[in-house]
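Hi there,

Here is the structure I promised to pass on to you. Have a look at it first, and then read my notes below.

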Amino acid sequence: MNGSSAKSTRDGTAIVPAQVADAINQMRRPIAIAHVRPDADALGSMFSIALAWANDAVTPRVALPPGSLSQRLAFLFDMADVPVATSEDFVQADGFITLDTAKQSRCHVGTELKDTDWRKGRPLVNIDHHGTNTMYGSVDWVVADASSTSEMVYYLLRAAGKEVTPTIAALLFAGIQTDTSGFALPNTTASALRAAGELVHAGVDVGDLGERLCHSQSRSEFALLRVIYDNTKVVADGRIAYSTASYQEITGSGCTAADIDDQISVVRALNGVQLAMLFTEGEPGKTRINFRGAGEVTVVELAGRFNGGGHSRAAGALVDSGPEETVERVLPAAIEHLSSLSPSSS
Ligand SMILES: [Mn+2]
């Protein structure tokens with residue numbers, strides 16, 4: 001199955017190709033890797049793989065360069081308590097498992113290794129749910145219809161006969177819950193809900209996890225949201241909304257690039273908005289664009305015009321310009337994209 005995606009159906013995540021567990025089972029010193037600016041799905045799936053495969057003979061590590069964790073998600077790392085890969089571990093590793101990461105250049109291996117050939121021909125199992133995945137693994141398991149990589153990992157653990165401990169269950173549930181925006185997006189399939197239900201059965205404290213994920217905003221995150229509300233603009237007869245946060249505004253709120261996560265939901269929540277965008281300058285002169293589409297409006301093509309990618313209705317891109325200049329370039333493209341999809345009736 002090298003270089004080819006597993007056949008998927010709308011509810012097909014539970015069909016796990018045997019090659020995936022077989023390839024991981026051959027590793028003794030694997031490193032699990034997720035994407036830069038890891039979200040709960042990236043962290044939950046990465047930590048769970050490392051925990052599930054650890055035993056006396058197998059010593060998995062996770063790639064978690066300094067500064068990776070947002071304030072909000074740091075508790076997932078504390079909960080998992082997994083060993084972090086050192087540069088020596090990258091030398092010693094006999095394989096890699098990448099999670100939730102659409103292309104190899106997005107792998108979060110740290111600045112030291114980023115531009116090197118850290119993989120050095122070793123086996124790499126690529127587990128992901130991004131339709132834009134470039135199939136860069138020696139084994140690729142990509143299910144674009146899966147709600148989350150965490151959902152896929154749940155079915156993988158089940159197929160591989162691994163124990164789903166209460167800790168693993170909580171980590172995977174966090175990934176499914178956040179990637180479905182609290183079971184509220186169209187990717188909330190029966191398969192996702194079944195996985196979530198079985199994870200609750202395995203010991204998730206749903207109330208506690210929800211409290212930590214949804215009701216534990218720091219004052220600095222709150223201050224950043226105020227900026228994003230303030231900067232929101234609505235154009236194209238109310239069909240496009242966007243907001244910005246400059247580097248000064250982000251740091252002025254007491255936040256860092258790691259805290260830019262789901263703030264796009266502020267803009268996306270406006271009634272009538274079909275295409276939402278958020279422009280955040282996490283480091284000076286570099287702007288991350290989050291795109292969200294509602295209903296029939298897909299955004300992955302639009303993100304692709306700026307070298308980005310993702311899911312059909314949730315995508316992102318990173319460009320080398322400040323937010324104002326980026327808005328000037330992207331907004332006309334967004335307006336054109338929307339009118340090509342659904343010509344305005346006016
Ligand atoms: Mn994901």
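**What turned up**

The lining of the largest cavity is made up of 4 nonpolar, 2 polar and 3 charged residues. Before I go further, please keep in mind that this is a predicted model.

To find that cavity on your screen, look for Arg37, Pro38, Asp39, Ser68, Ser70, Leu73, Ala258, Ile260 and Asp261, which line it. Its volume is about 60 Å³. A search of the whole structure finds 1 cavity of 30 Å³ or more. If you wonder how such spaces come to light: rolling a probe the size of a water molecule over the atoms shows where empty space is left.

**The manganese site**

Which residues hold the manganese ion? It is coordinated by Asp41, Asp100 and Asp179 through OD atoms and by His129 through NE2, at 2.1 to 2.4 Å. Along the chain, the donors of the manganese ion have the spacing D-x58-D-x28-H-x49-D. Two of these donors, His129 and Asp179, link distant parts of the chain and sit 50 residues apart. You will find His129 in the loop between strand E4 (124–128) and strand E5 (139–142), while Asp179 belongs to helix H7 (residues 166–179). Both His129 and Asp179 are buried.

**Strand E3 and its neighbours**

Next, please turn to strand E3, residues 95–99, where 5 of 5 residues are buried. Gly95, Ile97 and Leu99 point one way from E3, Phe96 and Thr98 point the other way, and all of them are buried.

E3 has parallel partners to show you. Strand E1 (residues 30–33) runs parallel to E3 and is joined to it by 4 bridges; in this pairing, Ile33 has Thr98 of E3 as its bridge partner. E4 also runs parallel to E3, again with 4 bridges, and here Phe96 has Leu124 of E4 as its bridge partner.

**A cluster of rings**

Phe96 comes up again among the aromatic residues. The structure holds 7 aromatic pairs. One of them is Phe90 with Phe96, a stacked pair with 6.0 Å from centre to centre and 25 degrees between the planes. Phe90 counts as buried because its relative accessibility is 6%, and Phe96 is buried with a relative accessible area of 0%.

How are the rings of Phe96 and Trp118 arranged, and how far apart are their centres? The centres are 5.1 Å apart and the planes stand at 85 degrees, so this pair is edge-to-face. Phe96 lies in strand E3 and Trp118 in the loop between helix H5 (111–114) and E4, so the pair ties together parts that are 22 residues apart in sequence. Trp118 is buried, as is Phe96. Taken together, ring pairs link Phe90, Phe96 and Trp118 into a cluster.

**The other sheet**

Further along the chain, 6 strands form an open sheet with mixed pairing, in the order E6-E7-E8-E9-E11-E10. Its edge strands are E6 (233–235) and E10 (309–310), each of which pairs on one side only. Within this sheet, strand E8 (residues 275–283) and strand E9 (residues 286–293) pair in the antiparallel sense over 7 bridges. One bridge to look for there has Glu283 partnered with Lys286 in E9.

The loop between E6 and E7 is worth a click too. Ala236 is found in this loop, and so is Asp237. Most residues other than glycine have a negative phi, and most peptide bonds are trans. Ala236, however, has a positive phi near 55 degrees, and the phi of Asp237 is also positive, near 55 degrees. Ala236 counts as partly exposed because its relative accessibility is 28%, whereas Asp237, at 65%, counts as exposed.

**A pocket to visit**

Last stop: the second largest pocket, with a volume of about 170 Å³. Strand E7 (240–245) and helix H14 (323–341) are the elements that give two or more residues to its lining. Among the lining residues are Tyr242, Ser243, Thr244 and Ala245, along with Pro323, Glu324, Val327 and Glu328. Asn231, Lys233, Ser246 and Glu249 line this pocket as well. By class, the lining of the second largest pocket has 4 nonpolar, 4 polar and 4 charged residues.

Happy browsing, and all the best!

Notes: Residues are numbered from 1 along each chain as its sequence is written. This is a predicted model: local features need pLDDT of at least 70, side-chain atom pairs count only at pLDDT 80 or more; totals for chains, interfaces and linings use all residues. Side-chain values use heavy atoms; hydrogens and water are left out. Donors are N, O and S atoms within 2.8 Å of the metal (3.2 Å for Na, K and Ca); water is not among the atoms, so sites may look incomplete. Buried means under 20% relative accessible area, exposed over 50%, partly exposed in between (1.4 Å probe, protein chains only). Two strands pair if DSSP finds at least two bridges between them. Rings of Phe, Tyr and Trp (its six-membered ring) pair if their centres lie within 6.5 Å; planes under 30 degrees apart count as stacked, over 60 as edge-to-face and the rest as tilted. On a 1 Å grid over the protein atoms alone, a cavity is a set of points where a 1.4 Å probe fits but cannot get out, and a pocket is an open set with protein on both sides within 12 Å along at least five of seven lines; lining residues have an atom within 4 Å of a point. Grid points are joined across faces, edges and corners, and a volume is the space filled by probe spheres set on the points. Ala, Val, Leu, Ile, Met, Phe, Trp, Tyr, Cys and Pro count as nonpolar, Asp, Glu, Lys and Arg as charged, and the others, Gly among them, as polar.
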